[in-house]
Amino acid sequence: MSDAAPDPGLFGPDSVTWQMHGDPMMWVAGVRALYLQALHPRAVRGVIQNSDFRKDAWGRLLRTANFVGTISYGTTEAAEKAGARVRRIHTHLKATDPATGERYGVDEPELLLWVHCAEVGSYLDVARRSGFPLSDAQADRYLAEQREAARLVGLDPADVPATTAQLAAYFDRVRPELAAGPEAREVDDFLQRPPVATLLLPARELLWRRVAALAYNALPPYAHELYGRAAPAPGRVTHQLIATGKLLRCIPSRLRWQLPPGHILKAMARLGPGTRPAPYKLRRQEAILDGPGRA
């Protein structure tokens, strides 16, 4: 019988990533990320031209969720294998600029960086605005941790924003490159009206449309301007995010985590029930740091 300690993975139970990625608002944040990512014409073109997006959109969304779950809660080996697979796939994919005829790889660092920043920025924005307890220092720590996720997809961690200030500066720098081109319109149309079986149409209208609308509303104002669809005032959207967060967090976590592929439950089985993600653990960490004797 081995005496080796179980592998905590890339981040481990003491990380901000471990606590935050178990929050149900990450699903809203993920849709917000898709809206934002689609505004980079070169990046979204790589997705549209290399996949049957409309026919396999749900599969693509689930594969993305599986990747995030694996690198967040899986073993180090599983995370490294998932990253290697993504890098290997990207190496063979090209896209064509219809205006110039330019052929380029989807693994260009600036494109990978945009996808990464739009994703982690969306996670952080939605989590904090919906009431997830993150201090400014913990938000910076989360972005620093996510440099590991950036490394897995082929980026140099040194080139990736590691604080909220650096992330804001990055978005300011890249904004002139953004546009709501035909590919972005296609993503927008899909997210508003994804194809589903006839029996699921009522669920799409009742549940999905609300999730997609909230995710869209949570975008920064410049994104609304590019898409050309108005959104409520940011303060009102924040109230909507808080209300949605409270509702979703009322669903027992054990029930939520039963959804496939069950990364969190597998991690708890590997490391022990005391490692379950919970927001109060972040409050506790902050209280310890703010207590007497802090350096």
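## What lines the cavity

In this predicted model, the lining of the largest cavity is a mix: 4 residues are nonpolar, 3 are polar and 1 is charged. The full set is His21, Val68, Ile71, Ser72, Glu119, Tyr123, Gln146 and Ala149. Helix 4 (57-73) and helix 6 (109-129) each chip in at least two of the lining residues, and helix 4 gives the most, with 3.

Don't expect much room in there: the volume of the largest cavity is about 30 Å³. The count of cavities of 30 Å³ or more comes to 1.

## Salt bridges back to helix 3

The structure has 14 salt bridges. In one of them, Glu102 pairs with Arg42 at 2.9 Å, N to O. Glu102 sits in the loop between strand 1 (94-96) and strand 2 (103-105), while Arg42 is in helix 3 (residues 41-49), so this contact ties together parts 60 residues apart in sequence. Glu102 itself is partly exposed, at 33% relative accessible area.

Asp97 and Arg45 make another salt bridge, with their closest N and O atoms 3.9 Å apart. Asp97 is in the loop between strand 1 and strand 2 and Arg45 is in helix 3, so the pair links parts that are 52 residues apart in sequence. Asp97 is buried, with 13% relative accessible area, and Arg45 is buried too, at 8%.

## Other charged contacts

Asp136 meets Arg128 in a salt bridge of 2.8 Å, N to O. Here Asp136 is exposed at 56% relative accessible area, whereas Arg128 is partly exposed at 29%.

There's also a salt-bridge network, which links Arg32, Asp125 and Arg129.

Methods: Residues numbered from 1 in each chain as written. Predicted model: local features only at pLDDT ≥ 70, side-chain atom pairs only at ≥ 80, totals over all residues. Heavy atoms only, no water. 1 Å grid on protein atoms, 1.4 Å probe; cavity = no way out; pocket = protein on both sides within 12 Å on 5 of 7 lines; lining within 4 Å. Points joined across faces, edges and corners; volume = space filled by probe spheres on them. Helix = DSSP H or I, 4+ residues; strand = E, 2+ residues; numbered from the N terminus. Nonpolar A, V, L, I, M, F, W, Y, C, P; charged D, E, K, R; others polar. Salt bridge = Lys/Arg side-chain N within 4 Å of Asp/Glu carboxyl O. Buried < 20%, exposed > 50% of the residue type's maximum accessible area, 1.4 Å probe, protein only.
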